[in-house]
Amino acid sequence: MQAVEQVTKYGHPLSSTAERLGVSYRSLCDWVKKYDKPEKLRKQETDQAEESRSNACHHGKRVTV
């Protein structure tokens with residue numbers, strides 16, 4: 001994702017990058033946090049979150065992630 005690379009690889013500030021690309025600062029922060037990890041680690045975290053949601057649904061709990 002180019003927006004994340006502009007921050008992580010090229011060192012552009014989050015605020016100016018978000019403004020220039022027309023996205024919210026918060027969204028860009030979330031993307032950097034998520035996509036600046038190796039793909040294998042992202043998949044593990046996604047799988048764990050899905051498992052937690054599934055388990056909570058089976059127990060009648062509401063889960064937000």
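## Overall make-up

The protein has four helices and zero strands. Read from the N terminus, its elements follow the order α-α-α-α. The model is a predicted one. Its average pLDDT is 83, and 85% of the residues reach a score of at least 70. Confidence varies among the elements: H2 has the highest mean pLDDT, at 96, while helix H4, residues 39–58, has the lowest, at 76.

Of the 65 residues in the protein, 15% are buried. The accessible surface amounts to about 5300 Å², and carbon and sulfur atoms account for 49% of that surface. Among contacts with a separation of 6 or more, 26% join residues that lie 24 or more positions apart.

## Helix H3 and its buried face

Helix H3 covers residues 25–35, and its buried residues are Leu28, Cys29 and Val32. Viewed down the axis of H3, these buried residues fall within an arc of 105°, so they line one face of the helix. The buried residues of H3 pack against H1 and against helix H2, which spans 14–21.

## The nonpolar core

The largest nonpolar core has six residues: Ala3, Val4, Val7, Ala18, Leu28 and Val32. At least two residues of this core come from each of H1 and H3. H1 gives the largest share, three residues. In soluble globular proteins, nonpolar side chains tend to be buried together.

Val7 is one of the core residues. Setting aside neighbours within four places in sequence, Val7 is in contact with His12, Leu14, Thr17, Leu28 and Val32. Of these partners, Leu28 and Val32 also belong to the core, and both are buried residues of H3.

## Thr17 in helix H2

Thr17 is found in helix H2. Thr17 has a relative accessible area of 0%, so it counts as buried, for which the cut-off is under 20%. Beyond its neighbours within four places in sequence, Thr17 is in contact with Ala3, Gln6, Val7, His12 and Leu28. Ala3, Val7 and Leu28 are members of the largest nonpolar core.

## Gln6 in helix H1

Gln6 lies in helix H1, which runs over residues 2–8. The relative accessible area of Gln6 is 17%, and because the cut-off for buried is under 20%, Gln6 is also classed as buried. The side chain of Gln6 makes a polar contact with the side chain of Arg20, at 2.8 Å.

With neighbours within four places in sequence left aside, the contacts of Gln6 are Gly11, His12, Thr17, Arg20 and Leu21. His12 also appears among the contacts of Val7 and among those of Thr17.

Methods:
Residues are numbered from 1 along each chain as its sequence is written. This is a predicted model: local features need pLDDT of at least 70, side-chain atom pairs count only at pLDDT 80 or more; totals for chains, interfaces and linings use all residues. Side-chain values use heavy atoms; hydrogens and water are left out. Buried means under 20% relative accessible area, exposed over 50%, partly exposed in between (1.4 Å probe, protein chains only). A polar contact is a pair of N or O atoms within 3.5 Å; within protein, one must be able to donate a hydrogen and the other to accept it, and residues adjacent in sequence count only if both atoms are side-chain atoms. Contact means heavy atoms within 4.5 Å. Accessible areas come from the Shrake-Rupley method with a 1.4 Å probe; for residues, only the protein chains shown count as cover. The arc is that of the directions from the helix axis to the C-beta atoms. A nonpolar core is a set of buried Ala, Val, Leu, Ile, Met, Phe, Trp, Tyr and Cys residues joined through side-chain atoms within 4.5 Å. pLDDT is the predictor's confidence in each residue, from 0 to 100.
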